[in-house]
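Visitor: I would like a close look at a single part of this structure, with each term explained as it comes up. Please take it slowly.

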Amino acid sequence: MTQTSSKSADLLARDRAHLLHPLHNAKQHQQARVWVSGQGAILTDADGKTFIDGLAGLWNVTAGHGNQELVHAMHEQAGRLAYVSGYSGSSNPRAIELAEQLATLCYPSISHFFFTSGGGEATESSIKMARAYWKHRGQSAKTKVISREEGYHGVTLAAMSATGLSPYWPLFEPRVPGFSHIPSPYPYRYEGRDHQSQGLSAADELEQAILREGAETVAMFIAEPVQGAGGVIVPQDDYFPRIREICDRYQVLLVADEVITGFGRTGEMFGLNHWGIEPDIIQFAKAITSGYFPFGGIGINDSIADTLDKADTPWMHAYTYSAHPVGCAVALRMLRLIKEESFPEQAATKGRRLLQQLRSALSDHPHVGDIRGKGLMCAVELVENKETKEAFSAEQQIGMRVNQEAIEKGLFSRVKGDSYLLAPPVVTTDSQLDQIVEILTKAIRAILG
Ligand SMILES: Cc1ncc(COP(=O)(O)O)c(C=O)c1O
């Protein structure tokens, strides 16, 4: 166990006295770090020790820490007009400009946007948009939501019900009715059910679920283009085109949860660009403000927008901080940065380098089962038996121990079970990427030989 020095120890004692955390766990929090500053991909803790931010905060800080242009945009807008209602009947220029710009940047069929304070609110908004749409279209039985195992869509009650990571559920049961899950395409572990490709088999799970539920009752299917919190699961190339076909066949809205994949992280501006298909609704958050302001939203296709515009009754869904002028100003500056500094191309190049180096350093290790990634999102999955892909027993806590070891060595990230996750800022330098590989390799060897 680490001996925390006095500054951190003092802050942590005060933290424990009054502060509750997301995923609150007093025992795990004993070894928490208290961060005081950041620059680019580097974080500094209260004792002055530096770490590489291997997950860019929570996948969001793509522009890196300490970006003064984003700070300036925030400061400037807060000084001019910090807040105004975004409810129907009230608007602001930054929100108008942001929606205009997103309309040119996003999938061609999506040109109307609603803003939230984050990803979970975006999921709630998609669900309430899909249900409202079908009601307006006279198909009010279409209310059900299908999502995937290992999918993460947030933890407000409906979003949690869509989330397919079961440890998030037990303390809060019962979940919202009308939600079900299909297996993730998970190339390393999914076993196809018939003679077609793994990707098509996994996609056909959706058709079977729709038929089981009754197509006339299913409103939407929600999926992350690359599953993030579930372990950086990159689907097969034939997966999403077949998903699109199935959604069209049964009139089920396809919702792309691009809270992590949006704005360049995977090497394309949006995740489904990799496979040449468009969703009916897109969700975004995180990188749109690089974490400098809590912000997110949804975009809807023209058919949904037209239906909403023609409706007599209002869409009774709202947040006080929807279209927040300061959030919109930060997002506008961020969009400029993404374009000027070619974030998608940078993520593609740096991601290739990271993945290739991880593979050359770790592929031969007897407990490294899978090394996968797309753009600047990667995972290294550790297994007991490489031949059979048998996982380590949960009691061994291999992932957690490797993570602790990596933190000791100056790399801060997260694990999902025994998969070590990496999604550093897009501005991470090549030598910092090399350091990430070096530290992770040493950490894995320290725990697993
Ligand atoms: C794909 C996805 N959707 C939704 C969310 C929830 O976002 P938030 O934590 O801002 O509510 C997350 C958060 O990690 C996410 O990765």
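Guide: What follows is a look at one β-α-β unit and its surroundings. This is a predicted model, in which local features need pLDDT of at least 70 and side-chain atom pairs count only at pLDDT 80 or more, while totals for chains, interfaces and linings use all residues. Residues are numbered from 1 along each chain as its sequence is written, and side-chain values use heavy atoms, with hydrogens and water left out.

The unit is made of strand S5, helix H7 and strand S6, and it is right-handed. Right-handed means that, with the strands pointing away from the viewer, the path from the first strand over the helix to the second runs clockwise. S5 covers residues 144–148, H7 covers residues 157–162, and S6 covers residues 179–182. Helices (H or I, at least four residues) and strands (E, at least two) are DSSP runs, numbered from the N terminus.

S5 and S6 run parallel and are joined by four bridges; two strands pair if DSSP finds at least two bridges between them. One of the bridges links Arg 148 to Ile 182 in S6. Strands of a sheet pair through backbone hydrogen bonds, either parallel or antiparallel.

In a regular strand the side chains alternate between the two faces of the sheet. In S6, Phe 179 and His 181 are on one side, Ser 180 and Ile 182 are on the other, and all are buried, so both faces are covered. Buried means under 20% relative accessible area, exposed over 50%, and partly exposed in between (1.4 Å probe, protein chains only). In S5, Ser 147 counts as buried because its relative accessibility is 1%. The side chains of Ser 147 and His 181 are joined by a polar contact of 3.3 Å. A polar contact is a pair of N or O atoms within 3.5 Å; within protein, one must be able to donate a hydrogen and the other to accept it, and residues adjacent in sequence count only if both atoms are side-chain atoms.

Next come the loops. Most residues other than glycine have a negative phi, and most peptide bonds are trans. Glu 150, in the loop between S5 and H7, has a positive phi of about 70° although it is not a glycine. With a relative accessible area of 19%, Glu 150 is buried. Pro 174 belongs to the loop between H7 and S6, and the peptide bond from Glu 173 to Pro 174 is cis, with omega near 0°.

The ligand is the last item. Residues around the ligand include Tyr 152, His 153 and Gly 154, along with Asp 257 and Lys 286; a residue is near a molecule or strand if one of its heavy atoms lies within 4 Å of it. A backbone N or O atom of Tyr 152 is 3.4 Å from a nitrogen atom of the ligand. In the side chain of Asp 257, an N or O atom lies 2.7 Å from a ligand nitrogen atom, and a polar side-chain atom of Lys 286 is 2.9 Å from a ligand oxygen atom. On its own the ligand has 390 Å² of accessible area, and the protein covers 78% of that. Accessible areas come from the Shrake-Rupley method with a 1.4 Å probe; for residues, only the protein chains shown count as cover.
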